[in-house]
Amino acid sequence: MHLTNNVKKILKGYESESPAVKSNLVRILMNGKLAGTGKMLILPVDQGFEHGPAKSFSMNPVAYDPEYHIKLALDAGLNAYAAPKGMLEAISDEFRGTIPLILKANSSNSLMSKDIEPNQSIIANVQDAIYLGCTAIGFTIYPGSDSSLEMIQEISEMISEAKAHGLATVVWSYPRGGDLTKKGETALDVIAYATHIAALIGANIIKVKLPSEDIEDKSAVSIYSKEMHEFKNLTNRVAHIMKTAFDGKRLVVFSGGTSKNEDELYNEAKAINQGGGNGSIIGRNSFQRPYKEAVELLSNIIKIYLSAR
């Protein structure tokens, strides 16, 4: 399949990247049912590390098997599959090369003390990604955490190494910690800031949560106040986030978040599509459902992204 105009337009925003990095971005953008549209739907399965296996898989026990998830990604026609090293190692050879893989290179866990600042441990490296045949390597940063400067330095170094080896990079930019309130973690100004930080450290693909209409930083209220009536609409909030991603020159996908019903997920996808977002990265809201329901859900979201904005 030849590159579409949509993909060519996206690649123009990545002029400084090597042919190898751009080729791996193309592999993601030209895979699955959304191939060539400039839209993406990605399955991430790092929740067992972050939240624990029972909280992640007990409601759908077949999901304890790593092969379950890649089959789901393939049958639903997704762009890529992201997971920690152990899950990618556990995939049998019959799945090698069937879908672009993203190695999630750092993780946290819910057993740690709630009193310490949010942080992540490096659990894999660029060589692991190459060995596993990945197209990209992914990381989480916590803007706002008192540990964020250390995390950003770590991840910036790994991004440089990944790009030197031709791998694309995905950054989960999740504000939390420090003086941020719980509502502030998804406030419009905070998500905009987190998106811009991820772009500035060299992320090729940025993953953030959908923003609420709240403004966390009181000094920013006056900046946003003239347009606050517009930001009551999720579509406009998505458009603002895309503006902070170098005026839409960086790929941004939005998290599915906590458990939601189908209509909520469809309405979010419509807002992402209409706001110019590049798609969704949906984990728990898909693999915690029975297989047929999950495939149908993901297929319906794909139909939304295939529709005109």
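**Entry 1: α11 against α12**

Which residues in α11 meet which residues in α12? I started there, keeping in mind that this is a predicted model. On the α11 side I found Leu234, Thr235 and Val238, and on the α12 side Glu268, Ala271, Ile272 and Gln274. Sorted by character, the residues of this contact come to four nonpolar, two polar and one charged.

Next I looked up the geometry. Helix α11 covers residues 234–244 and helix α12 covers residues 262–274. Their axes come within 8 Å and cross at roughly 50°, and that makes α11 oblique to α12. I noted the crossing of α11 past α12 as right-handed.

**Entry 2: α9 against α11**

I stayed with α11 and turned to another partner, helix α9, residues 188–200. Here the axes lie 8 Å apart and the packing angle is about 30°. Angles under 35 degrees count as roughly parallel, so α9 is roughly parallel to α11. This crossing, too, I wrote down as right-handed.

Which residues make the contact? From α9 I listed Leu188, Ile191, Ala192, Thr195 and His196, and from α11 Arg237, His240, Ile241 and Thr244. The contact of α9 with α11 divides into four nonpolar, four polar and one charged.

**Entry 3: the loop after α11**

I followed the chain out of α11 into the loop that leads to β9, residues 251–255, and stopped at Phe246. Phe246 is not a glycine, yet its phi is positive, about 55°. Buried or partly exposed, I wondered of Phe246? Its relative accessibility is 29%, so Phe246 counts as partly exposed.

Asp247 sits in the loop between α11 and β9 as well. Asp247 also has a positive phi without being a glycine, this time about 60°. With 49% relative accessibility, Asp247 counts as partly exposed; the cut-off for exposed is over 50%.

**Entry 4: the nonpolar cores**

How many residues are in the largest nonpolar core, and which touch the most other members? I noted 74 residues, with Tyr81, Leu88, Ile137 and Phe254 touching the most other members. Helix α14, residues 291–306, gives the most to this core, with eight residues.

I picked Phe254 for a closer look. Leaving out residues up to four places away in sequence, its contacts include Val208, Leu210, Pro211, Met242, Gly277, Gly279 and Ile281. Also on the list are Val238 and Ile241, along with Ile272. I had already met those names: Val238 and Ile272 take part in the contact of α11 with α12, and Ile241 takes part in the contact of α9 with α11.

Apart from this core lies another, of 25 residues, and I noted Val7, Ala80, Met151 and Tyr174 among them.

**Entry 5: Cys134**

Where is Cys134 found? I located Cys134 in the loop between α7, residues 126–131, and β6, residues 136–141. Its relative accessibility is 7%, so Cys134 counts as buried. Its C-alpha is 4.7 Å from that of Leu101, although the two are 33 residues apart in sequence.

Leaving out residues up to four places away in sequence, Cys134 touches Leu88, Leu101, Leu103, Ala129 and Leu167. I recognised Leu88 from the core entry, where Leu88 is one of the residues touching the most other members.

**Entry 6: α5 against α14**

I came back to α14 and looked up its packing with helix α5, residues 66–76. The two axes come within 9 Å and cross at roughly 40°, which makes α5 oblique to α14. The handedness of the crossing is right-handed.

On the α5 side the contact is made by Tyr68, Lys71, Leu72, Asp75 and Ala76, and on the α14 side by Tyr291, Ala294, Val295, Leu298 and Ile302. I counted these by character as eight nonpolar, no polar and two charged.

**Entry 7: Arg289**

My last stop was Arg289, in the loop between α13, residues 284–287, and α14. Buried or exposed? Arg289 is buried, because its relative accessible area is 13% and the cut-off for buried is under 20%.

The C-alpha atoms of Arg289 and Asn60 are separated by 6.5 Å, with the two positions 229 residues apart along the chain counted as their spacing. Leaving out residues up to four places away in sequence, Arg289 touches Asn60, Tyr68, Lys260, Asn261, Glu262, Leu265, Ala294 and Leu297. Two of those names, Tyr68 and Ala294, I had just written down for the contact of α5 with α14.

Note on methods: Residues are numbered from 1 along each chain as its sequence is written. This is a predicted model: local features need pLDDT of at least 70, side-chain atom pairs count only at pLDDT 80 or more; totals for chains, interfaces and linings use all residues. Side-chain values use heavy atoms; hydrogens and water are left out. Axes are lines fitted to C-alpha atoms, for helices over the stretch in contact, and angles run from 0 to 180 degrees between N-to-C directions. Helices (H or I, at least four residues) and strands (E, at least two) are DSSP runs, numbered from the N terminus. Angles under 35 degrees count as roughly parallel, over 145 as roughly antiparallel, 65 to 115 as roughly perpendicular and the rest as oblique. A crossing is left-handed if the near helix is turned anticlockwise from the far one by less than a right angle, and right-handed if clockwise. Contact means heavy atoms within 4.5 Å. Ala, Val, Leu, Ile, Met, Phe, Trp, Tyr, Cys and Pro count as nonpolar, Asp, Glu, Lys and Arg as charged, and the others, Gly among them, as polar. Buried means under 20% relative accessible area, exposed over 50%, partly exposed in between (1.4 Å probe, protein chains only). A nonpolar core is a set of buried Ala, Val, Leu, Ile, Met, Phe, Trp, Tyr and Cys residues joined through side-chain atoms within 4.5 Å.
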